[in-house]
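Got the structure open in your viewer? Here is a short tour: at each stop, select what is named and have a look.

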2 protein chains.
Amino acid sequence: MAVRALWWESGKLAYIDQRLLPGRLHVVRTSHVADVAAAIRTLAVRGAPTIGVAAAYGMVLAKAEGRRADASARLLASTRPTARDLFVGIEAVRRPWIAGEDVLEAAGAYRERIVEECHAIGISGAPLFRGKPRVLTHCNAGALATVEWGTALAPIRVAKQRGARPFVWVDETRPLLQGSRLTAWELAQEHIAHAVIADGAAGHFMRAGEVDFVIVGADRIARNGDFANKVGTYEKAVLANENRIPFYVAAPWSTFDISKPTGASIPVEERAEEEVLELAGTRIAPRRSRARNPAFDVTPARYVTGFVTPEGILPPATLAKVLKGHLRPATAA
Amino acid sequence: MAVRALWWESGKLAYIDQRLLPGRLHVVRTSHVADVAAAIRTLAVRGAPTIGVAAAYGMVLAKAEGRRADASARLLASTRPTARDLFVGIEAVRRPWIAGEDVLEAAGAYRERIVEECHAIGISGAPLFRGKPRVLTHCNAGALATVEWGTALAPIRVAKQRGARPFVWVDETRPLLQGSRLTAWELAQEHIAHAVIADGAAGHFMRAGEVDFVIVGADRIARNGDFANKVGTYEKAVLANENRIPFYVAAPWSTFDISKPTGASIPVEERAEEEVLELAGTRIAPRRSRARNPAFDVTPARYVTGFVTPEGILPPATLAKVLKGHLRPATAA
């Protein structure tokens, strides 16, 4: 794959600073867990599966720095509250650390598991993309968000290898523009046809019959299929439903959280209002104006046509049964 | 009123360059119709009722420059295709011009009519705002868009004079940020409580029960109540309907177009893709990425609770009957 969000390199974690894309492709290398925590908090590293893997390697760095396992886990867990994967990634290394096992091997195994699951998601979802479908996505659920392949974008990549020629409507995804900055960048890298649109324009194209289906990633999926994802996802789900357009959610098992019966118990991060009131350091609203900035929203399961998982496309109704075989609750959050 | 979009001053049209707000309050004075056309095309002057009045005064300037009536009308009519008011404003001066009547008086009368209708809209809609309602609006339908008072914002102003304390959710309204730049500026000027949100966050707050109703303006309203307004309006209407939140559209008679039986025949302007791919002159998407940029969308009448007009709040079902007493088709577009 051309695009990788992060990798292990000579005892350091190397990662792309996603805040600088698409203008600049800058790789940071660090041997400090505090840097990893800061990178997750500031969204230099983002996307639920990617921050899970970054946190796993952060635990490896913490041990090499002579830190304690539980304090390091708490530091990393405090960075962001919504993504389930963060806590799964931390646990994947904390347990072997306490048991005296090889932590680098544990982090590597966790990374491999995520990458393999994303590839499997691609294989599960690729049949949706036969021919020349026009598909809409929100935020970035590509390789940058998942280390490699992506979740929502993985089926596009697999389908393209098989000769499909999809067209992607890319919601720009304000306030942080993960669509126009990151998804468009990944698609441009791989010469996949796409058009960026303002978030408010998606409904217009759905109503005009120019969207065949919607596919997004997720940050946490409750037992009943309610799920949290980047703010704006709920709007797309309602609009797809209103226009009888299928709506898919692609995620690895680390995103599913059986400890949460419904979406009502998923914590939603609210971020600084400056993300809305400024753009690239420039104030775009009056000095006296305030903003609200929920980073995520929760979409009820009834709007989901299917979850694209490593083991196929599951309707919300069968989710709970399948999940029992795969998941155990993480300890944090 | 503190805020006025434009006014006549010593033989010139004076207008606020709305592209520079909220950073800079810059008034342009011109005696050339070509400048007025350019100001409308570039959105220095915008908002359906405001561009109607600007075009009326543009016709006055054209006559003073020794130009011909029909060519001047065509020049102004070619600037933007969607807003009905543009053509009404042009006709309001073209006819007296051809009849040898006083064009400045005709433009002034048109301006007065619009301002009075907007004030009447405020009186019609003010009862909706009793107490401390939390209301969501999209784009700018304030004084800047209508010369004075506003359409969607007029009832807020009247209600505030009567002691109401509304709170306004302001959709930032990408790509051109008329919400965060203009609506927030008007509300800040008049100390009305508000919070700017990303366009994608409106659904989150609706679902959370934090929006009591939605009110927007319109650029053109068809005979059956389908209406065109800033892109993103359709999304808000569907989400309000899904969450059983009332949805109101405020407009003067100049925005209603009985020559259009439904929204399907309203022309929708598509603007340059750079408006989506850049922000304040900075490229935010990859060089290779393209964009689509419809400036408006069309919302079906079935999502509208009521039209807030100078003569009260009308449900879509009674619209056609009431309109017959008020309207005749304009000649252009």
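Start in chain B and select residues 220–222, strand β8, together with residues 227–230, strand β9: they are joined by 2 bridges and run antiparallel. (Strands and helices here are DSSP runs, E of at least two residues for a strand and H or I of at least four for a helix, numbered from the N terminus; two strands pair if DSSP finds at least two bridges between them.) Click on Ile221(B) and you'll find Phe227(B) of β9(B) standing opposite. The hairpin of β8(B) and β9(B) has 4 residues between the strands, and Gly225(B) in this hairpin takes a positive phi near 100 degrees.

Before you go on, two notes on what you're looking at. This is a predicted model, in which local features need pLDDT of at least 70 and side-chain atom pairs count only at pLDDT 80 or more, while totals for chains, interfaces and linings use all residues. Residues are numbered from 1 along each chain as its sequence is written, chains are lettered from A and ligands numbered from 1 in the order in which they are written, and side-chain values use heavy atoms, with hydrogens and water left out.

Stay with β9(B) and add β15(B): this pair is antiparallel too, over 4 bridges. Which residue of β15(B) is the bridge partner of Asn229(B)? Pick Asp297(B) and you have it.

Next, show the side chains of Arg157(B) and Glu186(B). They meet in a salt bridge, with 2.7 Å from N to O. (The rule asks for a side-chain nitrogen of Lys or Arg within 4 Å of a carboxyl oxygen of Asp or Glu.) Arg157(B) sits in helix α7 (residues 154–161) of chain B and Glu186(B) in helix α8 of chain B, so this pair ties together parts that are 29 residues apart in sequence. Over all chains, the structure holds 46 salt bridges.

Now color the two chains separately and look where they touch. How many residues does each chain bring to the contact? Chain A brings 54 residues and chain B brings 54 residues, where contact means heavy atoms within 4.5 Å. About 4,300 Å² is buried between chain B and chain A, and carbon and sulfur atoms give 60% of that area. (Buried area is the accessible area, with a 1.4 Å probe, that two parts lose on being put together, summed over both.)

Across this interface the rule finds 6 salt bridges. For one of them, select Lys236(A) and Glu235(B), whose closest N and O atoms are 3.6 Å apart. On the side of chain B that touches chain A, several elements each supply at least two residues, among them α8 (178–189), α10 (233–242) and β15 (296–299). The most comes from α10(B), with 7 residues. Sorted by class, this side of chain B has 30 nonpolar, 11 polar and 13 charged residues. (Ala, Val, Leu, Ile, Met, Phe, Trp, Tyr, Cys and Pro count as nonpolar, Asp, Glu, Lys and Arg as charged, and the others, Gly among them, as polar.)

Strands meet across the chains as well: β6 of chain A (residues 193–197) and β14(B) run parallel and are joined by 2 bridges. Val196(A) has Ala291(B) as its bridge partner there.

Two cis peptide bonds come next. In chain B, the bond from Leu21(B) to Pro22(B) is cis, with omega near 0 degrees; look for Pro22(B) in the loop between β2 (12–16) and β3 (27–30). In chain A, the bond from Arg174(A) to Pro175(A) is cis, with omega near 5 degrees, and Pro175(A) is in the loop between β5 (167–171) and α8 (178–189).

Last stop: Ser10(A), in the loop between β1 (6–9) and β2 (12–16) of chain A. Ser10(A) isn't a glycine, yet has a positive phi of about 50 degrees.
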